[in-house]
Amino acid sequence: MSRELRAALILCLIVGVIVGAARSEPPGSTSAAAETTQQAAPKTPVRLLSLVPAAEGGKPPVAEVDDAGTRRLTGRDGATVALTFDDGPHPEQTPQVLRILRQYEIKATFCLVGEMARLYPKLVQEIADGGHRLCDHTVSHDTSLPDRDPDVIDDEIAGTLAAIDDAVPGVAVPFFRAPGGNFAANVNEVAAGHDQVPLGWSVDPGDWRKPGARAIHDYVAEHIHPGAIVLLHDGGGDRAGTVAALPAIIETLRAAGYEFVLPRG
């Protein structure tokens, strides 16, 4: 056998040993390439309830009333928080929210869409009977309301008031909330003509995007502050995540020393 042929055979044997070792790598072992990939992969942060700020900590991120005259904070002293629910009443989700609030003995503010109030007057009655505050969220939830003529703006606000009054004659509706949060001086002026205070918020977990109950809870817990008004939804789509998150939100904030209140009118 020639020297060249012997060298070629030895080289083949060495390659075979290396390949065999790689194929026999035990389950769960990690190659260098795999290790690099795993190290680069971001880890999901774990949010703990203990991260909720203490009741006395943190300043509100907004003014109590902004330049357009919209209330952004509860207006109550101390570590207070107000829950608000938009776009209802909804035939399934609103009763679920009401049951949870009743269980925890909490009063909230419901910003009702006039079209929905017409469809479900008994739910409007149930909200009022539960001691919750009512809020006018316009007839059709027109997010371009500031661009409309004054008569159209008035019809949207007055129409919802009429629908609520038909369901619960004489009930007070002290608040107005602009669809999409598009408050403007011209809209707020019309609301003031109906003795309504424009009601905004300071904590918005974006529950309408349906991020899931855990994400909704965590956002509220991480952004809570004294005087917070929290924007949630019981209507306008599938709000199962909001309903599922609500008990945990209440328990977390109570454990952190917060008191649930109604906003000042």
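**Helix pair**

I started with how α8 and α9 cross, and the crossing is right-handed. This is a predicted model, so I'm reading everything here as computed. The two axes come within 8 Å of each other, at an angle of roughly 35°. Next I listed who does the touching. From α8 I noted Ala 213, Ile 216, His 217, Val 220 and Ala 221. From α9 I got Gly 241, Thr 242, Ala 244, Ala 245, Ala 248, Ile 249, Thr 252 and Leu 253. What kinds of residue make up the contact of α8 with α9? I found nine nonpolar and four polar ones, and no charged residue.

**Cores**

Then I looked up the largest nonpolar core, which has 40 residues. Which of its members touch the most others? My list reads Leu 83, Phe 85, Leu 101, Phe 110, Leu 246 and Ile 250. I also checked which elements supply at least two residues each: the strands β1 (80–88), β2 (109–112) and β6 (228–233) do, and so do the helices α3 (93–103), α5 (121–129), α6 (150–167), α8 (213–223) and α9 (240–255). Here α9 turns up again, giving this core its largest share, six residues.

I picked Phe 110 for a closer look, skipping its neighbours within four places in sequence. Phe 110 is in contact with Phe 85 and Leu 101, both of which are on my list of core members that touch the most others. Its other contacts are Thr 94, Val 97, Leu 98, Ile 127, His 132, Arg 133, Leu 134, Cys 135 and Asp 234.

There is a second, separate core as well, with 17 residues. Among them I noted Cys 111, Ile 153, Phe 176 and Val 190.

**Backbone oddities**

A reminder to myself: most peptide bonds are trans, and most residues other than glycine have a negative phi.

Where did I find a cis peptide bond? Gly 88 and Pro 89 are joined by one, with omega about 0°. Pro 89 sits in the loop between β1 and α3.

For positive phi I wrote down two residues. His 141 has phi near 60° and belongs to the loop between β3 (133–136) and α6. Lys 210 also has phi near 60°, and its loop runs between β5 (197–198) and α8.

Are these two buried or exposed? His 141 has a relative accessible area of 27%, so I put it down as partly exposed. Lys 210 reaches 53%, so it goes down as exposed.

Key: Residues are numbered from 1 along each chain as its sequence is written. This is a predicted model: local features need pLDDT of at least 70, side-chain atom pairs count only at pLDDT 80 or more; totals for chains, interfaces and linings use all residues. Side-chain values use heavy atoms; hydrogens and water are left out. A nonpolar core is a set of buried Ala, Val, Leu, Ile, Met, Phe, Trp, Tyr and Cys residues joined through side-chain atoms within 4.5 Å. Buried means under 20% relative accessible area, exposed over 50%, partly exposed in between (1.4 Å probe, protein chains only). Helices (H or I, at least four residues) and strands (E, at least two) are DSSP runs, numbered from the N terminus. Contact means heavy atoms within 4.5 Å. Axes are lines fitted to C-alpha atoms, for helices over the stretch in contact, and angles run from 0 to 180 degrees between N-to-C directions. A crossing is left-handed if the near helix is turned anticlockwise from the far one by less than a right angle, and right-handed if clockwise. Ala, Val, Leu, Ile, Met, Phe, Trp, Tyr, Cys and Pro count as nonpolar, Asp, Glu, Lys and Arg as charged, and the others, Gly among them, as polar.
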